[in-house]
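Here are some exercises to work through with the model open in your viewer. Try each task yourself before you read the solution.

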Amino acid sequence: MKKIVIGNWKMNPEKVDEAKKIASGIVKVCKNLKKTEVVICPPTLFISAIAETLQKTKISIGAQDAFYEPKGAYTGSVSVAMLKRIGVKYIILGHSERRELGETDELVNKKLKVCLKNKVTPVVCVGEKVRDAHGYYLAFIKKEIEHSLAGVKRKDLKDVVIAYEPVWAVGSKALKAIEASDLSEMVIYIKRTLTDLFGPAAAQSVRILYGGSVNKENAGEFFNGSGLSGLLVGRDSLDVKKFGDIVLLTEEVASIK
Ligand code: PEP
């Protein structure tokens, strides 16, 4: 199975022309990929324009959120089906910056089920705000996974992506990225949690990504024996050179394995 690198542009850049320029640059860097799938998640307003730029390339377009109802009186919202119609293949759900604004596991769960029904891949973000010596953060991750994936059918798990994004490692206020050895442990823990919920075969089919201060210096080591399926990149996904280097490193790792 291919590795995935997702770029979460958040509310950047400010203008659509800039967005198209970045996307075109990424297309160039990514033109020879064989083992890595690249997904760009621009602001919703730019999705159509970027989808056009990505036409006839292998790069997929994603969204940063969606609402679970198909239509109606939901001011400011956009449905999963609407996004799918303009080419969206992946939708990030429960990003820590959305959780900070009130997104709950229950909302993530509803959105995830609608994504699966519409055959759009949900990328469910989970991650603790802080670490403690007693391992309470592990219970927190377990709860996020249990609640976000409640009621999902075993057979659908292969279409779910989990992005482990410890909040303390995400964004410009981040302390630092996780240590590669700690990430390996977390991937095992997440797989164990999924195994308890859905059994070993289904758990194995879920792709697990890491996100949080990923850059070209640390990207390679995260794959070292961790069973990681890919990366979710924030800040560095807006810089063609930096993002390109992360993608090419991932391709290199994927080609060895
Ligand atoms: C993110 O926003 O999902 C993220 C991982 O951000 P950054 O890479 O900037 O830490």
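At 8% relative accessibility, Cys-30 counts as buried (buried is under 20% relative accessible area, exposed over 50% and partly exposed in between, with a 1.4 Å probe and protein chains only). Before going on, note that this is a predicted model, where local features need pLDDT of at least 70 and side-chain atom pairs count only at pLDDT 80 or more, while totals for chains, interfaces and linings use all residues. Residues are numbered from 1 along each chain as its sequence is written, and side-chain values use heavy atoms, with hydrogens and water left out.

**Exercise 1: cysteines**

Task: work out how many disulfides the structure holds.

Solution.
- Start with the chemistry: a disulfide is a covalent bond between the sulfur atoms of two cysteines.
- The cut-off here is a pair of cysteine sulfur atoms within 2.5 Å.
- Take Cys-30: the closest cysteine sulfur belongs to Cys-41 and is 14 Å away, so that is too far for a bond.
- Now try Cys-115, whose nearest cysteine sulfur is also that of Cys-41, 11 Å away, and which is in no disulfide. Cys-115 is buried, at a relative accessible area of 0%.
- The tally for the structure is zero disulfides.

**Exercise 2: the barrel**

Task: find the order in which the eight strands close into a barrel, then trace what pairs with strand 8.

Solution.
- Set the terms. Helices (H or I, at least four residues) and strands (E, at least two) are DSSP runs numbered from the N terminus, and two strands pair if DSSP finds at least two bridges between them.
- Going round, the order is 1-2-3-4-5-6-7-8, with parallel pairing. From one strand to the next the twist averages 25°, taken between lines fitted to C-alpha atoms (for helices, over the stretch in contact), with angles from 0 to 180 degrees between N-to-C directions.
- On one side of strand 8 (residues 230-233), look for strand 1 (residues 3-8): the two pair in the parallel sense over four bridges. Ile-4 has Gly-230 as its bridge partner there.
- Strand 7 (residues 207-211) runs parallel to strand 8 too, joined by three bridges. Gly-230 turns up again, as the bridge partner of Leu-209.
- Check the side chains of strand 8: Gly-230 and Leu-232 point one way, Leu-231 and Val-233 the other way, and all are buried.
- For practice elsewhere, strand 3 (residues 60-63) and strand 4 (residues 88-93) pair in the parallel sense over three bridges, with Ile-61 opposite Val-88.

**Exercise 3: the ligand site**

Task: which residues come nearest to the ligand, and what does Ser-213 do there?

Solution.
- Count a residue as near if one of its heavy atoms lies within 4 Å. Of the 14 residues around the ligand, Lys-10, Glu-165, Gly-171, Ser-213 and Arg-235 come nearest.
- Go through some of the polar atoms. A polar side-chain atom of Lys-10 is 2.7 Å from a ligand oxygen, and a polar backbone atom of Gly-171 is 2.8 Å from an oxygen atom of the ligand.
- Ser-213 also has a polar backbone atom 2.8 Å from an oxygen atom of the ligand. Its side chain makes a polar contact with the side chain of Arg-235 at 2.9 Å (N or O atoms within 3.5 Å; within protein, one must be able to donate a hydrogen and the other to accept it, and residues adjacent in sequence count only if both atoms are side-chain atoms).
- Place Ser-213: this residue sits in the loop between strand 7 and helix 9 (219-222) and, at 19% relative accessibility, counts as buried.

**Exercise 4: odd backbones**

Task: where are the residues other than glycine with positive phi, Ser-213 and Lys-56, and where is the cis peptide bond?

Solution.
- Ser-213, from the last exercise, has phi near 55°.
- Lys-56 has phi of about 65° and lies in the loop between helix 2 (47-53) and strand 3. With 87% relative accessibility, Lys-56 is exposed.
- The cis bond joins Asn-12 and Pro-13, with omega about -10°. Pro-13 belongs to the loop between strand 1 and helix 1 (16-29).
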